[in-house]
Amino acid sequence: MTAALVPDTAWPIAFLAVAAIVGELRPIRLLRAGAETRTLSTSAPFVLALIAVAGIGVAVVVQALASIGDDIRQNRSVTKSLFNTAQY
């Protein structure tokens with residue numbers, strides 16, 4: 001039986017998946033004097049935890065969904081979105 005089907009892991013998997021998606025959609029802004037504003041996505045730690053809890057398949061699907069969601073939010077082209085998603 002896979003980890004995703006065990007009832008005890010349903011809530012941790014759901015929490016980590018939501019946290020990964022939110023972490024991708026709401027990055028931390030890094031402001032530095034005299035430099036451009038940069039952003040830092042916080043989804044990676046949650047996806048890494050998902051690998052341990054639910055397996056690589058679930059983690060890849062969640063990261064792909066998060067990436068697509070961010071691309072839609074940023075109005076990126078379909079080609080760029082496909083490239084970004086294919087990296088996972």
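**A salt-bridge network, a nonpolar core and a surface patch**

Tyr88 is partly exposed, because its relative accessibility is 45%. The model in which this value was computed is predicted. Tyr88 lies in the segment that follows helix H4. The residue also belongs to a nonpolar surface patch, described below.

The protein chain contains 4 helices and 2 strands. Read from the N terminus, its elements follow the order α-β-β-α-α-α. Along the principal axes, the C-alpha atoms fill a box of roughly 50 × 30 × 15 Å. The chain has 88 residues, of which 26% are buried. Its exposed area is about 6200 Å². Carbon and sulfur atoms supply 66% of that area. Contacts were also examined by sequence separation. Among those between residues at least 6 apart, 44% join residues at least 24 apart.

Nonpolar side chains in soluble globular proteins tend to be buried together. In the present model, the largest nonpolar core has 9 residues. Its members are Ile13, Leu16, Ala17, Ala20, Val47, Leu50, Ala54, Ala59 and Val62. Three elements each give two or more residues to this core: helix H1 (10-25), helix H2 (43-54) and helix H3 (56-73). H1 provides the largest share, with 4 residues. Within the core, Ala17 touches both Leu50 and Val62, leaving aside residues up to four places away in sequence.

Nonpolar residues also appear at the surface. Leu48, Ile51, Ile56, Val60 and Tyr88 make a nonpolar patch of about 470 Å². H2 and H3 are the elements that give two or more residues to the patch. These two helices are also among the elements that give two or more residues to the core.

Charged side chains were considered next. A search of the whole structure returns 3 salt bridges. Asp70, Asp71, Arg73 and Arg76 are linked by salt bridges into a network. Asp70 pairs with Arg73 at 3.1 Å, N to O. Both residues lie in helix H3, 3 residues apart, or about one turn of the helix. Asp70 also forms a salt bridge with Arg76, and the closest N and O atoms are again 3.1 Å apart. The side chains of Arg76 and Asp71 meet in a further salt bridge, at 2.7 Å, N to O.

Burial across this network was then assessed. Asp70 counts as buried because its relative accessibility is 9%, under the 20% cut-off. Asp71 is buried as well, with a relative accessible area of 2%. The arginines are partly exposed. Arg73 has a relative accessible area of 42%, and Arg76 has one of 32%. Asp71 is found in helix H3. Beyond residues up to four places away in sequence, Asp71 touches Arg76, Lys80, Ser81, Asn84 and Thr85.

A loop residue was examined last. Asn75 is found in the loop between H3 and helix H4 (78-86). Most residues other than glycine have a negative phi. The phi of Asn75, however, is positive, near 55°. Asn75 counts as exposed, because its relative accessibility of 70% is over the 50% cut-off.

Terms used: Residues numbered from 1 in each chain as written. Predicted model: local features only at pLDDT ≥ 70, side-chain atom pairs only at ≥ 80, totals over all residues. Heavy atoms only, no water. Core = buried A, V, L, I, M, F, W, Y, C linked by side-chain atoms within 4.5 Å. Buried < 20%, exposed > 50% of the residue type's maximum accessible area, 1.4 Å probe, protein only. Contact = heavy atoms within 4.5 Å. Patch = residues over 30% accessible without salt bridge, like charges linked within 9 Å, V, L, I, M, F, W, Y side chains within 5 Å. Areas by Shrake-Rupley, 256 points an atom, 1.4 Å probe, with all protein chains shown as cover. Salt bridge = Lys/Arg side-chain N within 4 Å of Asp/Glu carboxyl O.
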